[in-house]
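Visitor: I am new to this structure and would be grateful for a guided introduction. May I see it before putting my questions?

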Amino acid sequence: MRYQRQNPEGTIRVVFLHGSGGGPDTAFMNYFADQCVEFGAEVVRPDFPYWEKVRETGKPRPPNRMPVLVDAVEALLKDLQQDDKPLVLMGKSLGSRVMLRVANSFRAKGAIALGFPFHPPQKPENSRLEELSMSTAPGLILQGTRDPFSKPLMKKKDQGECITLPDNWSLHWLEGADHGFEATKAKSADTPIIWQQAAAAIKEFIQ
């Protein structure tokens, strides 16, 4: 499995799994990886198998099925974690779903979801909330208030209803952010501020 590594001397290893459409080299992935390096973590960003094909051919491809993604990440972690370095898993959208399926097997110290896809926008009646129970590690979800994957949750929030997560998870709302933590075009100057807020929350959670 191809991967890129930053700051291998870091005392904590953050394995950062990309989302379905952007791969590991987007501005989003670069920013949050760099932020983790700044506070002393090693960061490893693998390519999912389908993204290796995208990189080779330059042509878009759909993500592999979940078992293929999980198998690939498990193989990577078996190799990396031979040194038993403290491990934090972090995932963008699809990457966060994969993260949940491997966190316990590799005794992750924490799990961070950046834009968890709670409800598919085309099928908001379908919930992935139960997937959070797959990981018993302390968990943090950073979620935009304009994220289409969290519309049913926002409706509950706006109505003053309680959003119940497994006890090991906390939810941090990013006001005005979409699924990529970006503000609207009219408020585009807010996007760097939102990203800084998210980075600060990650730093506080890990440290």
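The conversation below concerns a predicted model.

Visitor: Is G115 buried or exposed?

Guide: G115 is found in the loop between β5 (110-114) and β6 (139-144). Burial requires a relative accessible area under 20%. The relative accessible area of G115 is 0%, and therefore G115 is buried.

Visitor: Which residues does G115 touch, not counting residues up to four places away in sequence?

Guide: The loop that holds G115 lies between β5 and β6. Two of the residues touched by G115, L142 and Q143, are themselves buried residues of β6. With neighbours up to four places away in sequence left out, the residues that G115 touches are S93, L142, Q143, D147, H179 and F181.

Visitor: How far apart in space are G115 and P46, C-alpha to C-alpha?

Guide: In sequence, G115 and P46 are 69 residues apart. In space, from C-alpha to C-alpha, the distance between G115 and P46 is 18 Å.

Visitor: How many residues of β6 are buried?

Guide: In a regular strand the side chains alternate between the two faces of the sheet. On one side of β6, G139, I141 and Q143 are buried, and on the other side L140, L142 and G144 are buried. Both faces of β6 are thus covered, and the number of buried residues in β6 is six of six.

Visitor: What is the handedness of the crossover from β6 to β7?

Guide: β6 pairs in the parallel sense with β7 (residues 169-174) over six bridges, and in β7 the bridge partner of L140 is S170. Between these two strands the chain passes through helix α5 (residues 151-158), and this β-α-β crossover is right-handed.

Visitor: How many bridges join β5 to β6?

Guide: A111 stands opposite G139 in β6. β5 and β6 run parallel, and the number of bridges that join them is four.

Visitor: Are α1 and α6 parallel or oblique to each other?

Guide: A27, F28, Y31, F32, Q35 and C36 in α1 meet residues of α6 that include W195 and I202. Helix α1 (residues 27-38) and helix α6 (residues 191-206) pack with their axes 10 Å apart, at an angle of about 40°. Angles under 35 degrees count as roughly parallel. The two helices, α1 and α6, are therefore oblique.

Visitor: Which elements do the buried residues of α4 pack against?

Guide: Helix α4 (residues 94-102) is mostly covered, with eight of its nine residues buried. Among them are L94, M99 and V102. The elements against which the buried residues of α4 pack are β2 (12-17), α2 (49-57), α3 (66-80), β4 (87-92), β5 and β7.

Definitions and conventions
Residues numbered from 1 in each chain as written. Predicted model: local features only at pLDDT ≥ 70, side-chain atom pairs only at ≥ 80, totals over all residues. Heavy atoms only, no water. Buried < 20%, exposed > 50% of the residue type's maximum accessible area, 1.4 Å probe, protein only. Contact = heavy atoms within 4.5 Å. Pairing = 2+ DSSP bridges. Right-handed = clockwise from strand over helix to strand, strands pointing away. Axes fitted to C-alpha atoms, helices over the stretch in contact; angles between N-to-C directions. Parallel < 35°, antiparallel > 145°, perpendicular 65-115°, else oblique.
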